[in-house]
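Please work through the exercises below with the sequence and the model at hand. Attempt each task before reading its solution.

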Amino acid sequence: MKQFVSVLILLSITVHVFTQQKYTVSGYITDDLGEELIGATVLIPKLSKGAITNTYGFYSLTLPEGKYEIEISFVGYLSENVVIQLDKDQKMNFSLEESSEMIESVEIVAEGRDVNIREVEMSTNTLQMRTIQKLPMFMGETDVIKTIQLLPGVLSSNEATGGFHVRGGGTDQNLILLDNAPVYNASHAIGFLSVFNADAIKDMKLYKGGIPPEYGGRLSSILDIHMKEGNKNEFHGTAGVGTITSRLTLEGPVVPGKVSFLISGRRTYFDLFLPFAEDSMARESNIYFYDLNAKINYSINDNNRVFLSGYFGRDVVKFGDMLGMDYGNFTVTARWNHVFNQKLFMNVSTMYSNYNYTFNVTEGFSQVNWITYIRDVNQLLDFTYYLTPENTIKFGAQAILHNFNPGHIYGQYDDTSKFDLNIPNNYSLEYGLYVSNEQEITSRLTLLYGLRYSFFQNIGPGQSLAFDKTDPENYVDTITHEYDRGETYNIFPGGLEPRLSVRYTLNTHSSLKASYNRMYQYIHLASNSTASLPLDFWFPSSPNIKPQKTDQVALGYFRNFKDNVFETSVEVFYKWNTNTIDFRDHAQLLLNEAYEGELRIGKGKAYGVELQVKKQTGKLTGWISYTYSRSFKKIPEIYDGKTYPASYDKPHDFALVVSYDFNDRWNVSGNWIYTSAPPRTMPTGRFEYQTAVAPVYSDRNSIRIFPYHRLDISATFRLNKYSNRFNHFLNLSVYNAYLRKNPIMIDLSQDEDDPLVTKAYMIYLYRIVPSLTYYVNF
């Protein structure tokens, strides 16, 4: 009888557990300025369960009926604890206060406490602008891309470019998003500075591996950058005057708590001094760039929010009447966030992106003008369904219309004869469908698994070429096919892109993680250089060019020390690349209607290990990272089909980043970076025939000359005591403090006195760049 009663009691408890009513608490988490916080943590300590806000600051958590203490936290903000009685579905929005160095008696949490241990994501780096803005400035500007290049697994192209390489990939294999809109050239002044004005940026996240299924279209990385939303409560501004630039940002409420705006502008003013130059050519020249960011958002109600944001930037370079260049990006994003109920969240976004440039040369009566561009219209639909605290399901779709103009050249040979050559535009459609689930199997084991299906089609008006490939060194175009507007003439029926991430928690301060992802890339960059330059152009996959594909696996160990003050990680990765693109020797890419015949297709691989130690709290913050990585290609028609290093193969990369707050007014910071020399193909000898001298070249990418290393230092002084309303600062930064000559190229030329002697000259841009910047927050 006692056993029977025990069974009944156990049965009743089981029935109660499974029939106990559950309710959902959901809402938005913002800072005290009204900015949504991405990745903020909502934790129920009693149950060791929680949720993390999505890209738009929304969270949802379903729990059994009861009384709970909720802890809300985010890096660099004061945590908040509230007690709720969950007996019905509730909407609760939270606002976290940004920490002040003067407040020492309260807890300042580091990214939601050990989130690097608990989250399933690996191979990612999230940076807040408060971290970036403490680093040394370049020419008076905080630079987002230069900060990215200090992270493990990320390499800079060279001193003169704003491109970067991630885990053995090319510069065109990184998808850079600004409010979901692609940015095709992220550089100002041919790479000196990035196009991202730090005063207008909220945060950024870099995915190097384990890339979620909602992202696609590139092989190596996703750099997701979000603009600020605009202060919904008070009017605020930021202004700065630097060595070569000035900037101004204004934000505030249009309707308090409902509608807010942000507008931010930046411009160089070096050109204002050119008219006073002694050289006549300089007086007739013009060199400047500018940025404009704008955003407005409207919280219609708790269930509906709409946003409109845009970016417009331009570089203008003019040397008298002889040479001119003009290039820039224009993006627009319209977004609608809708909450169907407390478990289902939707985002609908429409984006437009336009990257274009013009180039012109004049000599006497001769004139050459060149125009090229890439334009995108992008539609994105995302859903997040919070099924249970253990299961978060995401699904959605994407469609992109690409318009490529490889080049239009026109002008005149003299005062009577003119020419006009237009390489036909290419049009294509790219689609993606995805679904994923982040599932907590046990308290130790969490999976994020999903699938993306992508496909691509070329459409008219346009043309495709057929090539005679009898001579592997020189493909000859033989047939041209013309297609009418809207006609589909080639389809890549799709690629399945499985994604998987696994996290196994060993204990409260360490975990193991693994990931696998497959990525397809349907658009590519044509370049004769080793980095992204304004004169490069984009082109689509076609009947002659298959999409590139990569499969990547990664394994990582994550460990925190001293109550999560120090975060350490070790990651190893391996990538298999299919349909890898390279260009034949002496390829002619610019203004070549048959540029596809200059391409060669093969395979590649990349592998490496990344180590990092990071400290995010206290007076001393920063990180140390070391990366060992290799990247190789093997293409039948190049280097006799043998394996050779990619032009961006740099085995060793070390970065040290340090920031120290002496008090609430003084901060000093510095970073040091070392990178192995890139491989190059260079002359190693010569032969003479009669009066002609011809070089003899080394094996493909077999010579390395100079490694890259640089020290930057900075000191910032707050000119007044901390105030909630007005603060102004003075920053002194020194870029390349010990005058290192880092070459951007090696020029080989014959000696003027003895033509039989060839000399090598190292070309570098600068030895040291000091800057003094005054800026104010009000």
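The following exercises concern a predicted model and treat a sheet, the nonpolar cores and some backbone angles.

**Exercise 1. A sheet**

Task: Determine which strands stand at the edges of the open sheet with the order β3-β2-β5-β6, and why one side of each is left without a neighbour.

Solution:
- Step 1. Strands of a sheet pair through backbone hydrogen bonds, in either a parallel or an antiparallel sense.
- Step 2. The open sheet has four strands, and their pairing is antiparallel.
- Step 3. The edges are formed by β3 (49-52) and β6 (80-86); each has a single partner strand, and therefore one side of each lacks a neighbour in the sheet.
- Step 4. On average, neighbouring strands of this sheet are turned by 25 degrees against each other, direction ignored.
- Step 5. One pairing may be followed in detail: β2 (residues 41-44) is joined to β3 over four antiparallel bridges. Within this sheet, Leu43 has Gly50 of β3 as its bridge partner.

**Exercise 2. The nonpolar cores**

Task: Identify which residues of the largest nonpolar core touch the most other members.

Solution:
- Step 1. In soluble globular proteins, nonpolar side chains tend to be buried together.
- Step 2. The largest nonpolar core has 41 residues, and Phe196, Leu223 and Ile225 touch the most other members.
- Step 3. Among the elements that give two or more residues to this core are α3 (129-132), α4 (144-148), β12 (174-178) and β17 (221-227).
- Step 4. Apart from its neighbours within four places in sequence, Ile225 is in contact with residues including Val144, Ile176, Phe196 and Asp179.
- Step 5. A second, separate core comprises 23 residues, including Ile72, Val75, Leu86 and Met92.

**Exercise 3. Backbone angles**

Task: Decide whether Asp179 is buried or exposed, and state which peptide bond is cis at Pro461.

Solution:
- Step 1. Most residues other than glycine have a negative phi, and most peptide bonds are trans.
- Step 2. Asp179, although not a glycine, has a positive phi of about 50 degrees. Its place is the loop between β12 and β13 (181-182).
- Step 3. Buried means under 20% relative accessible area. The relative accessibility of Asp179 is 3%, so Asp179 counts as buried.
- Step 4. Leu739 also has a positive phi, near 60 degrees, and lies in the loop between β46 (727-735) and β47 (743-750). With a relative accessible area of 34%, Leu739 is partly exposed.
- Step 5. The cis peptide bond joins Gly460 and Pro461, with omega at about 5 degrees. Pro461 is located in the loop between β29 (445-459) and β30 (462-468).

Methods
Residues are numbered from 1 along each chain as its sequence is written. This is a predicted model: local features need pLDDT of at least 70, side-chain atom pairs count only at pLDDT 80 or more; totals for chains, interfaces and linings use all residues. Side-chain values use heavy atoms; hydrogens and water are left out. Two strands pair if DSSP finds at least two bridges between them. Axes are lines fitted to C-alpha atoms, for helices over the stretch in contact, and angles run from 0 to 180 degrees between N-to-C directions. A nonpolar core is a set of buried Ala, Val, Leu, Ile, Met, Phe, Trp, Tyr and Cys residues joined through side-chain atoms within 4.5 Å. Buried means under 20% relative accessible area, exposed over 50%, partly exposed in between (1.4 Å probe, protein chains only). Contact means heavy atoms within 4.5 Å.
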